[in-house]
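The following exercises invite the reader to examine a structure step by step. Each task is followed by a worked solution.

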Amino acid sequence: MPPRSSLDRTTALSLFKEEPSILLRTVVFCLLAVCLMVADTRFQLMPVIRQGVSVVIGPLEWAARQPVNWWSAAHGYFSGLEQARTEEEAARIRLQLQSLRAAQVENLTLENERLRALLELREQAEITGRAAEVLYEAPDPYAQKLIVDRGLVQGIKVGSPVLDDQGVIGQVTRVLPLTSEVTLLTNEGFTIAVTNARTGVFGLAYGDPSMITNAGTGSLELRFMPLNADVQPGDLLITSGIDGIYPVGLPVARVTQVEHNPGNSFAQVWCEPQARIHNTRYVMIVLPASQLIEESEQLGSTESAAQSTEAQGRTTVGESHDR
């Protein structure tokens with residue numbers, strides 16, 4: 001049996017080796033956290049410590065980020081290079097197609113000029129217009145009207161067609177000194193003469209604000225088309241010019257739905273406007289086609305008179321020299 005002194009020493013050592021309980025440690029750390037918060041609030045210690053720590057570990061963070069940055073830069077470089085090559089190839093193909101189309105358009109333009117000269121048809125009047133900004137839309141959604149910032153002072157006239165960069169928007173129906181009211185294509189009482197660009201068939205398109213398209217706008221209905229008419233979804237409708245209001249060839253709408261009901265005398269053809277009816281800010285107001293033709297004819301007659309006067313003057317000068 002070991003002596004008593006050795007037992008007392010062993011018991012004392014075992015007491016010192018015991019760890020504090022979890023509850024005690026939790027209380028100590030909570031008190032420490034409270035003391036730190038109080039000290040931070042009273043003496044603003046943490047900002048200084050945070051700044052010091054950030055200064056110390058800043059270079060370490062920078063060094064740790066470098067491999068990621070290098071990998072991202074390399075990946076972006078090679079991805080951008082591949083994308084640039086793909087876009088260059090696509091742009092080259094588009095350029096070739098545009099060159100071919102330009103050559104075809106030039107050839108068709110020359111052929112058209114020759115045919116018109118052969119048939120003694122007058123040249124199409126050049127479209128001229130005035131830019132305008134849309135101020136607001138009519139409060140009534142079924143009215144389908146816009147208000148623009150051009151009026152009598154700027155020479156706007158009732159009946160003038162209104163366009164955007166996509167096609168026909170509508171027509172000026174009321175002119176005030178500084179503003180004008182534009183009735184949209186989708187207005188219930190709106191009618192426009194159109195031509196199917198694919199087949200050349202004429203028709204009348206009527207506005208229908210109740211038939212909402214995918215773009216959230218009203219639609220057009222191509223009425224009085226026979227059941228056997230060659231109309232297909234995707235056909236482009238352009239202005240025919242026979243109404244004397246719209247110049248020929250302006251995009252109006254694209255056919256979206258065709259229904260052939262044997263119980264009806266005509267096919268039901270629904271179209272979506274090409275122009276941005278409710279999402280445009282700037283428009284162009286042009287003169288009616290009939291007025292454009294009159295002005296072009298007046299300009300042509302004025303030029304002819306000037307040429308004849310110049311020729312008579314040259315003849316008179318030549319006769320005086322002969323004498």
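## Exercise 1: Thr239 and its surroundings

Thr239 is found in strand β9, where helices (H or I, at least four residues) and strands (E, at least two) are DSSP runs, numbered from the N terminus. The model is a predicted one, in which local features need pLDDT of at least 70 and side-chain atom pairs count only at pLDDT 80 or more, while totals for chains, interfaces and linings use all residues. Residues are numbered from 1 along each chain as its sequence is written, and side-chain values use heavy atoms, with hydrogens and water left out.

*Task.* Determine whether Thr239 is buried or exposed, and which backbone atoms lie by its side chain.

*Solution.* Step 1: the relative accessible area of Thr239 is 1%, so the residue is buried. Buried means under 20% relative accessible area, exposed over 50%, and partly exposed in between (1.4 Å probe, protein chains only).

Step 2: a polar atom of the Thr239 side chain lies 2.5 Å from the backbone oxygen of Pro247. The backbone nitrogen of Leu250 lies 2.8 Å from a polar atom of that side chain of Thr239. A polar contact is a pair of N or O atoms within 3.5 Å; within protein, one must be able to donate a hydrogen and the other to accept it, and residues adjacent in sequence count only if both atoms are side-chain atoms.

Step 3: across the sheet, Thr239 in β9 stands opposite Val194.

## Exercise 2: The strands around β6

*Task.* State which strands pair with β6 and how many of its residues are buried.

*Solution.* Step 1: strand β6 spans residues 191-196, and 5 of its 6 residues are buried.

Step 2: β6 pairs with strand β7 (residues 202-208) in the antiparallel sense over 5 bridges; two strands pair if DSSP finds at least two bridges between them. Within this pair, Leu204 in β7 is the bridge partner of Ala193. The two strands form a hairpin with 5 residues between them, and Gly200 in the turn has a positive phi of about 80°.

Step 3: β6 is also joined to strand β9 (residues 236-239) by 3 bridges, and these strands run antiparallel.

Step 4: Asp243 belongs to the loop between β9 and β10 (251-259). With a relative accessible area of 29%, Asp243 is partly exposed. Its C-alpha is 7.9 Å from that of Ile192, although the two residues are 51 apart in sequence. A polar atom of the Asp243 side chain lies 3.1 Å from the backbone nitrogen of Ile245.

## Exercise 3: The barrel

*Task.* Give the order in which strands close into a barrel.

*Solution.* Step 1: the barrel has 6 strands in the order β1-β2-β5-β4-β3-β12, with antiparallel pairing. Neighbouring strands of this sheet are turned by 45° against each other on average, direction ignored.

Step 2: one of the pairs is β3 (residues 161-163) with β4 (residues 168-175), which are antiparallel over 3 bridges. Here Val162 stands opposite Gly170 in β4.

Step 3: the loop between β1 (129-137) and β2 (145-148) holds Gln144. Gln144 has a positive phi of about 55° although it is not a glycine, and it is buried at a relative accessible area of 8%.

## Exercise 4: Salt bridges

*Task.* State how many salt bridges the structure holds and examine examples.

*Solution.* Step 1: the structure holds 9 salt bridges, each being a side-chain nitrogen of Lys or Arg within 4 Å of a carboxyl oxygen of Asp or Glu.

Step 2: one of them joins Lys145 to Glu181, with the closest N and O atoms 3.4 Å apart. Lys145 lies in strand β2 and Glu181 in strand β5 (residues 180-184), so the pair ties together parts that are 36 residues apart in sequence. Lys145 is partly exposed, at 25% relative accessible area, whereas Glu181 is buried, at 14%.

Step 3: Asp165 forms a salt bridge with Arg276, the closest N and O atoms being 2.9 Å apart. Asp165 lies in the loop between β3 and β4 and Arg276 in the loop between β11 (266-273) and β12 (282-286), so this pair connects parts that are 111 residues apart in sequence. Asp165 is exposed, at 59% relative accessible area, while Arg276 is partly exposed, at 35%.

Step 4: Glu88, Glu89 and Arg92 are linked in a network of salt bridges.

Terms used: Axes are lines fitted to C-alpha atoms, for helices over the stretch in contact, and angles run from 0 to 180 degrees between N-to-C directions.
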